[in-house]
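Welcome! Please take a look at the sequence and the structure below, and keep both at hand while you read this short tour.

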Amino acid sequence: MMRITGKGAAGRYERRPARRRFQRVDILFQDWINLILRWAHLITGIAWIGSSFYFVWLDLSLRKRPGMDEGVYGEAWMVHGGGFYHVNKWMVAPKSMPPELHWFKYEAYFTWLTGFALLVTMYYWSAESYLIDPNVMPLGKWDAILIGLASLFAGWVIYDLMCKSPIGQSTGKLAIGVFILAMVAAYGFTHVFSGRGAFIHVGAMLGTIMAANVFRIIIPNQKKVVASLMAGEKPDPALGLQAKQRSTHNNYLTLPVLLMMISNHYSMLFSHDQSWLIVGLILIIGGLVRHFFNTRNAGGSGKAIAWQLPSAAVGMAILAMFASYDPDAAKLADQEIITADHALAIVQTRCTACHSASPTDEGFDEAPMGVMFDDIAQVKANAQRVLAQAVIGRAMPLGNMTEMTDEERGQLGQWIRAGMPE
C-alpha cells in the first residue's frame with residue numbers, strides 16, 4: 001500500500017509506504033505517554049521530597065523550652081508568608097485529637113507509581129534499545145524484564161529484613177548494610193543490563209525501598225498510634241521510633257536516587273567499565289551533603305559541620321576524574337590515524353540507521369535531536385557528540401544494535417582528537 005506525499009527534487013511526486021504514517025503515530029503515542037508520565041513523576045516527586053525534607057528539618061529543629069504542655073517532645077517557631085507558625089510534636093500522641101488530621105502519604109505512593117510506569121514505558125517497552133546490551137549479557141526481552149521486576153521486590157525484602165534484625169538496632173551497622181546492599185545490586189545490574197538500564201534499576205530499587213517504607217511501615221505505624229488513642233489506650237512508643245528510622249533512611253537516600261534517576265542523560269556515569277563504583281561514590285557524596293544539612297538544622301556548628309561539604313567536594317572531584325578517564329586514548333596513541341573516508345564509513349555503517357535524513361530503523365521517523373551523518377561535513381560538525389556518546393561514553397548506538405566494535409570506537413576517537421584529518 002502506497003501513498004503520495006508530494007513533489008520530489010525532480011518535480012515528480014514521491015511515494016512513501018503508508019506504514020510510515022502508522023509508525024509515526026506509534027512513535028508519537030509512546031513519546032506522549034513518556035512525556036505525561038515524566039511530568040507526573042516530576043510533580044509528585046517534588047511534592048514528596050518537599051514534604052520529606054520539611055519534616056526532617058522540622059524534627060531536627062525542635063527545641064525543649066520551659067512551660068511546654070505535658071507529653072510534648074519539642075516545639076519550633078517559624079515565619080513564612082507574612083505570619084508565624086508554632087509547631088509542637090508529641091512522640092506518641094496528644095490527649096485529644098482535632099477533627100482534621102493531615103496525612104502525608106499519597107505523594108510517595110504516586111511518585112512510585114508514576115516512576116514505575118515510566119520504567120515500563122521506556123525501559124521495558126523498548127528493552128532492546130535501553131535495557132539490554134548483548135555485549136554485557138545476551139538476554140531475551142522478557143528475561144530482562146523479569147530480572148528487573150524481581151530485583152525491585154528482592155531489594156525491599158532484604159532491606160526490611162536488615163532493619164528488623166539485630167543490625168537494625170545500630171545506626172552505623174545498618175547504614176553500612178544498606179550501602180553494601182546498594183553496591184551489590186549495582187555490581188549485579190552492571191553485569192546484566194546496559195549501562196543505562198543498570199543505573200536506572202539501582203535508582204528504582206532504592207526508590208522502591210523508600211516508597212515501601214512509607215506504605216509498609218511509616219503510615220501503618222501512624223495508623224496504629226491513632227487507633228490506640230481513639231480507643232483510649234496508650235500507644236506503643238516503639239511504633240513512632242521505627243517510623244522515624246525509616247523516614248531518616250528515606251531522607252539520606254533521596255539525593256543519590258535523584259541523580260540516578262537522571263543518569264540516562266549523562267553517559268560518562270553509566271557507560272564506565274566500573275560504573276558500579278560510581279554508584280558508590282554517588283551514595284557517599286549525596287549522603288554527606290544531606291548529613292551537612294541535617295547536622296546544621298539540628299543546631300550543629302563549628303567542627304560538627306565543617307567536614308561534610310569539603311568531603312563531598314573531594315568525593316565529587318574523585319568521581320569526575322574516575323568517570324572521565326579514557327584508557328583507550330592511551331592504548332591507541334601510537335596507532336595510525338584513519339582517514340576521513342574511513343571515519344565516514346564507520347559512522348555510516350554504525351550510526352545512520354537512526355542518524356540520517358531517512359532513518360532505516362523502524363523506531364525513528366526522523367533523526368534523533370536532528371543529528372545526521374549523511375556526509376563528512378555533518379560528521380565533523382557533530383564530532384564532539386560522537387566522541388562523548390559513541391567513543392568515551394559508549395552509549396551509542398542504542399543497545400549497540402549495529403554492533404559497533406571497540407576498535408572502531410577507538411579509531412574514531414583518535415581521528416577526532418587528531419583534528420579530523422582528511
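The protein chain exposes about 23300 Å², and 64% of this area is supplied by carbon and sulfur atoms. Please keep in mind that this is a predicted model. The chain has 422 residues, of which 44% count as buried. Its secondary structure is made up of 16 helices and 4 strands. If you look at contacts between residues at least 6 apart in sequence, 64% of them join residues at least 24 apart.

**Two strands and a turn**

Let us begin with a pair of strands. Strand β3 covers residues 72-80 and strand β4 covers residues 83-90; they pair in the antiparallel sense, over 8 bridges. Together β3 and β4 form a hairpin, with 2 residues between them. In the turn you will find Gly81, which has a positive phi of about 60°. Two partnerships help you follow the pairing by eye: His80 has Gly83 in β4 as its bridge partner, while Ala76 stands opposite Val87 in β4. In a regular strand, side chains alternate between the two faces of the sheet.

**Two pairs of helices**

Now to the helices. When two helices pack, they are described by the angle between their axes and by the distance between the axes. Here are two such pairs.

| Helix pair | Angle between axes | Axis distance | Crossing |
|---|---|---|---|
| α2 (residues 106-124) and α4 (residues 141-164) | about 155° | 12 Å | right-handed |
| α13 (residues 340-350) and α16 (residues 406-417) | roughly 135° | within 10 Å | left-handed |

How do α2 and α4 pack, and at what angle? Their axes lie 12 Å apart at an angle of about 155°, and α2 is therefore roughly antiparallel to α4. From α2, the contact is made by Phe116, Leu119 and Tyr124; from α4, by Lys141, Ile145, Gly148, Leu149 and Leu152.

The other pair has its own geometry. The axes of α13 and α16 cross at roughly 135°, so these helices are oblique to each other. On the α13 side, Ala340, His342, Ala343, Ile346, Val347 and Arg350 take part, and they meet Glu408, Gln411, Leu412 and Trp415 in α16.

**Two residues to look up**

Ile346 is a good residue to find next, as a member of helix α13. Is Ile346 buried or exposed? Ile346 has a relative accessible area of 4%, so it is buried. Leaving aside neighbours within four places in sequence, Ile346 is in contact with Ile338, Met404, Glu408, Gln411 and Leu412. You can also trace a link across the sequence: Ile346 and Thr405 are 59 residues apart along the chain, and their C-alpha atoms are separated by 9.9 Å.

For another stop, turn to Asn297, found in helix α9 (residues 275-297). Why does Asn297 count as buried? The relative accessibility of Asn297 is 16%, and buried means under 20%. Which residues does Asn297 touch, not counting those up to four places away in sequence? They are Trp57, Leu60, Ser61, Arg63 and Arg290.

Key
Residues numbered from 1 in each chain as written. Predicted model: local features only at pLDDT ≥ 70, side-chain atom pairs only at ≥ 80, totals over all residues. Heavy atoms only, no water. Pairing = 2+ DSSP bridges. Buried < 20%, exposed > 50% of the residue type's maximum accessible area, 1.4 Å probe, protein only. Contact = heavy atoms within 4.5 Å. Areas by Shrake-Rupley, 256 points an atom, 1.4 Å probe, with all protein chains shown as cover. Axes fitted to C-alpha atoms, helices over the stretch in contact; angles between N-to-C directions. Parallel < 35°, antiparallel > 145°, perpendicular 65-115°, else oblique. Left-handed = near helix turned anticlockwise from the far one by under 90°.
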